[in-house]
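Trainee: I should like to request a close look at the aromatic side chains of this model and at their surroundings.

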Amino acid sequence: MEFPFGGINTCNRLIFSFETLDNPNSEAFIAELRALRALYYYWALDAFGNIPIVTDFTDVEAPSTKPRQEVYDFVLSELNEIIPLLPVAKDGTTYGRMTKWSALMIRMKLYLNAEVYTGTPQWALAAADASEIINSGVYSLMPNYSNNFVINNSQSTENIFVYPYDKVFAGGFNWVMMTLHIVSQSTFNLTQQPWNGYQTVEEFYNSYVDPDKNPGTQGPVWKGLALEQSTGTIDGRLSNFLVGPQFRSDGTVLEDPGVEPTDPTGRNGDPNGPPLTFMPYLNEISPGGLRQAGARIAKYEFEMGGTNNMSNDFVIFRLSDAILSLAEAKFRMGETTEALALVNQIRARAGNLDPFTTLTEENLFEERGREMFVEMTRRQDLIRFKKYGEAWWPFEGMNRPKQVHSPGSYLELFPIPQPQILANPKLQQNPGYN
């Protein structure tokens with residue numbers, strides 16, 4: 001909760017400062033700051049639901065919790081007011097800043113999730129905003145999916161709003177540290193050792209190469225510890241992951257001196273021995289998770305000789321999301337032919353995959369997952385498609401989640417952190433966490 005409200009407080013402070021200045025550009029700057037504040041409020045209402053609304057930087061009174069509907073109405077009214085005031089250009093002067101198009105993305109997201117937030121669906125309004133972004137001609141799909149996430153991705157024609165990072169002047173994006181194995185330092189000649197952290201689960205990785213879920217694909221499908229290698233069309237979005245044998249930058253085999261000893265079953269200990277091989281299979285999370293287990297998250301290009309800070313700009317809104325959101329809105333309104341064509345547009349860019357012949361809620365959900373991996377959309381999608389409570393680790397012999405909840409559970413909202421409640425008794429804890 002500190003992240004969105006820290007941003008809200010900064011926006012309020014800057015708005016207050018501009019309001020006190022005699023500057024002809026103040027109105028434009030204030031509109032941009034209100035749009036950015038709306039983004040933080042959108043994130044906060046999505047995560048926590050019932051939150052305070054604070055717009056006056058000089059107000060010293062502790063704020064009270066407002067219902068989710070009221071927060072939704074506030075964000076929507078802010079966007080409606082400032083969208084006409086925001087710049088429309090896509091160039092160096094607006095890069096990483098709020099424009100009409102990024103504000104429309106926020107409003108589109110509000111409408112797309114309106115049934116979750118307020119109980120009333122707004123598919124037609126979501127479709128209208130998505131269509132305006134798409135039909136503006138300001139953005140276009142990159143021919144190559146992975147080019148949206150390269151080290152110098154500021155030239156993307158697809159990215160609508162990004163958080164600009166730079167390894168020297170704007171650090172903080174340390175994905176390279178959070179996902180790679182400790183000895184991967186030698187693969188990329190990194191200046192520091194990674195932490196051997198973030199991975200994805202086998203089922204999701206295999207959804208990219210499973211012909212039942214992703215027609216036309218045939219690739220390296222992992223079944224537990226076994227790799228079934230076949231040939232055929234490969235989903236280009238497998239660039240999201242790093243799997244298979246790993247090597248030093250000079251091409252020699254990379255070994256892990258801390259490898260876990262194996263036993264005859266192959267299920268306890270590293271089945272490959274010292275040579276490091278990333279495999280999507282996860283034996284367990286803790287305490288005995290294998291050091292090499294899990295497909296590593298490689299969506300953002302790793303720099304040779306890189307530091308613990310990356311220079312890739314983090315993508316917050318992208319044209320692909322607008323296209324898939326329009327497809328979903330049309331699908332839910334019964335306009336299935338148009339929705340199918342939009343989804344197949346995304347699939348065609350992914351690597352000449354077989355187009356879907358029909359569109360279902362399931363394959364639409366799966367396609368959103370493959371396209372929008374690690375772009376802050378999955379939790380929303382799971383809730384909106386009523387899948388948030390499903391078991392997420394279904395393989396026999398593995399640890400299963402202890403709690404499976406039904407759609408609409410209180411767990412779809414995060415609790416208000418206790419330090420904030422202790423600091424402000426006017427805040428009300430979300431239901432189910434008392």
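Trainee: Is Phe-188 buried or exposed, and what is its relative accessible area?

Mentor: Phe-188 is buried, because its relative accessible area is 13% (buried: under 20%; exposed: over 50%; partly exposed in between; 1.4 Å probe, protein chains only). The model is predicted, so local features require pLDDT of at least 70 and side-chain atom pairs pLDDT 80 or more, whereas totals for chains, interfaces and linings use all residues. Numbering starts from 1 along each chain as its sequence is written, and side-chain values use heavy atoms, without hydrogens or water.

The setting of this residue is best approached through the aromatic pairs, of which the structure holds 30 (ring centres of Phe, Tyr or the six-membered ring of Trp within 6.5 Å; planes under 30 degrees apart are stacked, over 60 edge-to-face, the rest tilted). One of these joins Trp-175 to Phe-314 in a stacked arrangement, with the centres 6.5 Å apart and an angle of 20° between the planes. This pair links distant parts of the chain, since Trp-175 belongs to helix α7 (residues 175-179) and Phe-314 to strand β9, 139 residues apart (DSSP runs numbered from the N terminus: helices H or I, at least four residues; strands E, at least two). Trp-175 and Phe-314 are both buried.

Phe-188 itself pairs with Phe-302 in an edge-to-face manner, at 5.3 Å from centre to centre and with 70° between the planes. Here too distant parts of the chain are linked: Phe-188 lies in helix α8 (residues 185-188), Phe-302 in the loop between β8 (295-297) and β9, and 114 residues separate them. The partner, Phe-302, is likewise buried, because its relative accessible area is 9%.

Trp-175 and Phe-314 also take part in one aromatic cluster, whose other members are Tyr-145, Phe-149, Tyr-163, Tyr-165, Phe-173, Tyr-198 and Tyr-300.

Strand β9 deserves attention in its own right. Residues 314-318 form β9, which runs antiparallel to β1 and is joined to β1 by four bridges (pairing requires at least two DSSP bridges). Within this pairing, Phe-317 of β9 stands opposite Phe-161. Strand β1 spans residues 159-163 and is mostly covered, with four of its five residues buried.

Two further rings have a charged partner. The charged end of Arg-332 sits over the ring of Phe-385, 4.6 Å from the ring centre (NZ of Lys or CZ of Arg within 6 Å of the centre and 35 degrees of the normal). Arg-347 places its charged end over the ring of Phe-356, at 4.1 Å from the centre of that ring.
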